[in-house]
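User: Please examine the structure shown below and answer a few questions about it.

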Amino acid sequence: MSNKIQVSLPEEELDWIQLCQDLGPVAEVETTKEKLQRKIKENPLVPLGCLATTAALTAGLYNFRTGNRKMSQLMMRTRIAAQGFTVMALVVGVVMTYTDKK
(Lines give C-alpha, C1' and ligand atoms only; values in the text may rest on other atoms or scores of the structure.)
Protein backbone atom coordinates (compact mmCIF):
# COMPACT_ATOMS: atom_id res chain seq x y z
CA MET A 1 0.00 0.00 0.00
CA SER A 2 1.24 3.43 -0.84
CA ASN A 3 0.87 6.41 1.43
CA LYS A 4 0.02 9.10 -1.13
CA ILE A 5 -1.48 12.32 0.07
CA GLN A 6 -3.98 13.99 -2.20
CA VAL A 7 -4.42 17.72 -2.00
CA SER A 8 -7.48 19.31 -3.52
CA LEU A 9 -7.15 22.85 -4.86
CA PRO A 10 -10.02 25.29 -4.95
CA GLU A 11 -11.47 25.89 -8.41
CA GLU A 12 -10.26 29.53 -8.45
CA GLU A 13 -6.66 28.33 -8.07
CA LEU A 14 -7.02 26.07 -11.08
CA ASP A 15 -8.42 28.95 -13.15
CA TRP A 16 -5.35 31.05 -12.29
CA ILE A 17 -2.99 28.26 -13.31
CA GLN A 18 -4.85 27.81 -16.61
CA LEU A 19 -4.72 31.57 -17.27
CA CYS A 20 -0.96 31.66 -16.68
CA GLN A 21 -0.48 28.75 -19.07
CA ASP A 22 -2.64 30.43 -21.73
CA LEU A 23 -0.75 33.71 -21.53
CA GLY A 24 2.63 32.06 -21.93
CA PRO A 25 5.93 33.27 -20.52
CA VAL A 26 5.95 36.62 -18.75
CA ALA A 27 7.97 39.37 -20.44
CA GLU A 28 10.96 40.77 -18.60
CA VAL A 29 10.39 43.92 -16.59
CA GLU A 30 12.22 46.95 -17.98
CA THR A 31 14.35 48.92 -15.52
CA THR A 32 14.25 52.71 -15.36
CA LYS A 33 17.70 52.99 -16.96
CA GLU A 34 16.72 50.67 -19.81
CA LYS A 35 13.50 52.61 -20.38
CA LEU A 36 15.39 55.91 -20.49
CA GLN A 37 17.90 54.50 -22.99
CA ARG A 38 15.08 53.14 -25.16
CA LYS A 39 13.22 56.47 -25.13
CA ILE A 40 16.40 58.39 -26.04
CA LYS A 41 17.00 56.02 -28.97
CA GLU A 42 13.39 56.41 -30.13
CA ASN A 43 13.48 60.22 -30.12
CA PRO A 44 16.96 61.70 -29.61
CA LEU A 45 15.82 65.28 -30.32
CA VAL A 46 13.92 65.61 -27.03
CA PRO A 47 16.98 65.22 -24.75
CA LEU A 48 18.91 67.51 -27.10
CA GLY A 49 16.17 70.15 -26.73
CA CYS A 50 16.17 69.72 -22.95
CA LEU A 51 19.93 70.25 -22.82
CA ALA A 52 19.69 73.33 -25.06
CA THR A 53 16.92 74.76 -22.87
CA THR A 54 18.93 74.15 -19.71
CA ALA A 55 22.07 75.68 -21.22
CA ALA A 56 20.23 78.81 -22.39
CA LEU A 57 18.51 79.20 -19.02
CA THR A 58 21.77 78.81 -17.12
CA ALA A 59 23.60 81.28 -19.36
CA GLY A 60 20.70 83.73 -19.12
CA LEU A 61 20.58 83.57 -15.34
CA TYR A 62 24.36 83.95 -15.11
CA ASN A 63 24.30 87.04 -17.35
CA PHE A 64 21.38 88.47 -15.39
CA ARG A 65 23.34 88.02 -12.18
CA THR A 66 26.47 89.68 -13.62
CA GLY A 67 24.44 92.59 -15.01
CA ASN A 68 24.84 91.87 -18.73
CA ARG A 69 21.27 92.79 -19.70
CA LYS A 70 21.58 92.36 -23.46
CA MET A 71 23.04 88.88 -23.25
CA SER A 72 20.55 87.91 -20.53
CA GLN A 73 17.64 88.96 -22.78
CA LEU A 74 19.14 87.09 -25.73
CA MET A 75 19.57 83.93 -23.66
CA MET A 76 15.98 84.09 -22.38
CA ARG A 77 14.74 84.37 -25.97
CA THR A 78 17.00 81.49 -26.93
CA ARG A 79 15.51 79.49 -24.06
CA ILE A 80 12.01 80.07 -25.43
CA ALA A 81 13.15 78.89 -28.87
CA ALA A 82 14.77 75.80 -27.34
CA GLN A 83 11.60 75.03 -25.40
CA GLY A 84 9.58 75.34 -28.61
CA PHE A 85 11.98 72.97 -30.33
CA THR A 86 11.61 70.46 -27.48
CA VAL A 87 7.82 70.58 -27.60
CA MET A 88 7.83 70.12 -31.38
CA ALA A 89 10.23 67.17 -31.02
CA LEU A 90 7.85 65.62 -28.49
CA VAL A 91 4.87 66.07 -30.81
CA VAL A 92 6.73 64.64 -33.80
CA GLY A 93 7.91 61.69 -31.70
CA VAL A 94 4.38 60.92 -30.50
CA VAL A 95 2.98 61.14 -34.04
CA MET A 96 5.74 58.89 -35.39
CA THR A 97 5.18 56.34 -32.62
CA TYR A 98 1.43 56.38 -33.22
CA THR A 99 1.77 55.89 -36.99
CA ASP A 100 4.35 53.09 -36.52
CA LYS A 101 1.96 51.12 -34.30
CA LYS A 102 -0.82 51.27 -36.90
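Analyst: To begin with the confidence scale, pLDDT is the predictor's confidence in each residue, from 0 to 100. It applies here as this is a predicted model.

User: Which helix of the protein has the highest confidence, and which the lowest?

Analyst: For the whole protein, the mean pLDDT is 85, with 81% of residues reaching 70 or more. Confidence is lowest in helix α1 (residues 11-23), where the mean is 69. The highest mean, 96, belongs to helix α3 (residues 45-66).

User: What are the helix content and the end-to-end C-alpha distance of each span that UniProt lists as "transmembrane region"?

Analyst: The unreviewed UniProt entry lists residues 45-64 and 80-99 under this term. Residues 80-99 are 100% helix and 0% strand, and their end C-alpha atoms are 29 Å apart. Residues 45-64 are likewise 100% helix and 0% strand, with the end C-alpha atoms separated by 28 Å.

User: Is L45 buried, partly exposed or exposed?

Analyst: L45 is located in helix α3 and joins L48 and F85 in making a nonpolar surface patch of about 270 Å². Buried means under 20% relative accessible area and exposed means over 50%. Because its relative accessibility is 40%, L45 counts as partly exposed.

User: Is M88 buried or exposed, and how many Å separate M88 from V46, C-alpha to C-alpha?

Analyst: M88 belongs to helix α4 (residues 69-101). Its relative accessible area is 52%, so M88 is exposed. M88 and V46 are 42 residues apart in sequence, and their C-alpha to C-alpha distance is 8.7 Å.

Note on methods:
Residues are numbered from 1 along each chain as its sequence is written. This is a predicted model: local features need pLDDT of at least 70, side-chain atom pairs count only at pLDDT 80 or more; totals for chains, interfaces and linings use all residues. Side-chain values use heavy atoms; hydrogens and water are left out. UniProt positions are given in the numbering used here, feature names are shortened, and annotations may be inferred rather than shown by experiment. Helices (H or I, at least four residues) and strands (E, at least two) are DSSP runs, numbered from the N terminus. Patches are made of residues with over 30% relative accessible area and no salt bridge: like charges are joined within 9 Å, nonpolar side chains (Val, Leu, Ile, Met, Phe, Trp, Tyr) within 5 Å. Accessible areas come from the Shrake-Rupley method with a 1.4 Å probe; for residues, only the protein chains shown count as cover. A salt bridge is a side-chain nitrogen of Lys or Arg within 4 Å of a carboxyl oxygen of Asp or Glu. Buried means under 20% relative accessible area, exposed over 50%, partly exposed in between (1.4 Å probe, protein chains only).
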